[in-house]
Amino acid sequence: MSFVHTGEAPRFSHEKMQKVNLFETPQMFCDIYCLEPGQEQKVHAHAGATKFYYVIEGEALVTIGAETRRLAAGGLAWSAPDEPHGVSNGSRERLILLVSMAPNPNAP
């Protein structure tokens, strides 16, 4: 499939952040991350891969390296290969992010 409507993709769970895959190729993946208030993706790093977070809806606390910034809808943050990164929802509203990474760590 070459076309996706991101407004139909989000799903939420009170147990943990939800990752909804929009598409995946051997070169990259593209997901929607859905976070309820208080949920997070812990700071981590990917060897040799660049990743970005784009805020579609809500407000995110994004950590890249040693810096954490609050991003509203339309904000984008990206991490260089091997750079620590993570995201959390410190607000009272739901958070929806567009997330992509290349190269794809799940590729064979």
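In this predicted model, Arg 94 is partly exposed, with a relative accessible area of 41%. The side chain of Arg 94 takes part in a salt bridge with Glu 36, in which the closest N and O atoms are 3.0 Å apart. This pair links distant parts of the chain, since Glu 36 belongs to the loop between β2 and β3 and Arg 94 to the loop between β8 and β9, with 58 residues separating them. Unlike its partly exposed partner, Glu 36 counts as buried, because its relative accessible area of 7% falls under the limit of 20%.

The count of salt bridges in the model comes to 4, and two others can be described alongside the pair above. Glu 40 and Lys 42 meet through their side chains at an N to O distance of 3.3 Å; Glu 40 is partly exposed, at 44% relative accessible area, whereas Lys 42 is exposed, at 60%. Glu 67 and Arg 69 likewise form a salt bridge, with 2.5 Å from N to O. Here Glu 67 is partly exposed, with a relative accessible area of 42%, while Arg 69 reaches 53% and therefore counts as exposed.

The strands are described next, beginning with an open sheet of 5 strands in the order β1-β2-β9-β4-β7, in which the pairing is antiparallel. The edges of this sheet are formed by β1 (18-24) and β7, each of which pairs on one side only, and the twist from one strand to the next averages 20°. Within the sheet, β2 (residues 29-35) and β9 run antiparallel and are joined by 7 bridges, with Leu 35 standing opposite Leu 95 in β9.

Leu 95 is found in strand β9, which spans residues 95-102, and counts as buried because its relative accessibility is 0%. Leaving aside residues up to four places away in sequence, Leu 95 touches a set of residues that includes Phe 12, Tyr 33, Cys 34, Leu 35, Val 55, Glu 57, Ala 60 and Val 87. By way of a distance across the model, the C-alpha atoms of Leu 95 and Ala 77 are separated by 15 Å, although these residues are 18 places apart along the chain.

A second open sheet consists of 4 strands in the order β3-β8-β5-β6, and its pairing is also antiparallel. The edge strands are β3 (40-44) and β6 (67-72), each pairing on one side only, and neighbouring strands are turned against each other by 20° on average when direction is ignored. Strands β5 (residues 59-64) and β8 (residues 85-88) pair in the antiparallel sense over 4 bridges, and Leu 61 stands opposite Ser 88 in β8. Ser 88 is also one of the residues touched by Leu 95.

On the surface, a nonpolar patch of about 390 Å² is made by Tyr 54, Ile 56, Leu 76 and Trp 78. Strands β4 (50-57) and β7 (76-79) each supply at least two residues of this patch. One of the contributing residues, Ile 56, lies in strand β4 and counts as partly exposed, because its relative accessibility is 35%.

Note on methods:
Residues numbered from 1 in each chain as written. Predicted model: local features only at pLDDT ≥ 70, side-chain atom pairs only at ≥ 80, totals over all residues. Heavy atoms only, no water. Patch = residues over 30% accessible without salt bridge, like charges linked within 9 Å, V, L, I, M, F, W, Y side chains within 5 Å. Areas by Shrake-Rupley, 256 points an atom, 1.4 Å probe, with all protein chains shown as cover. Buried < 20%, exposed > 50% of the residue type's maximum accessible area, 1.4 Å probe, protein only. Contact = heavy atoms within 4.5 Å. Pairing = 2+ DSSP bridges. Axes fitted to C-alpha atoms, helices over the stretch in contact; angles between N-to-C directions.
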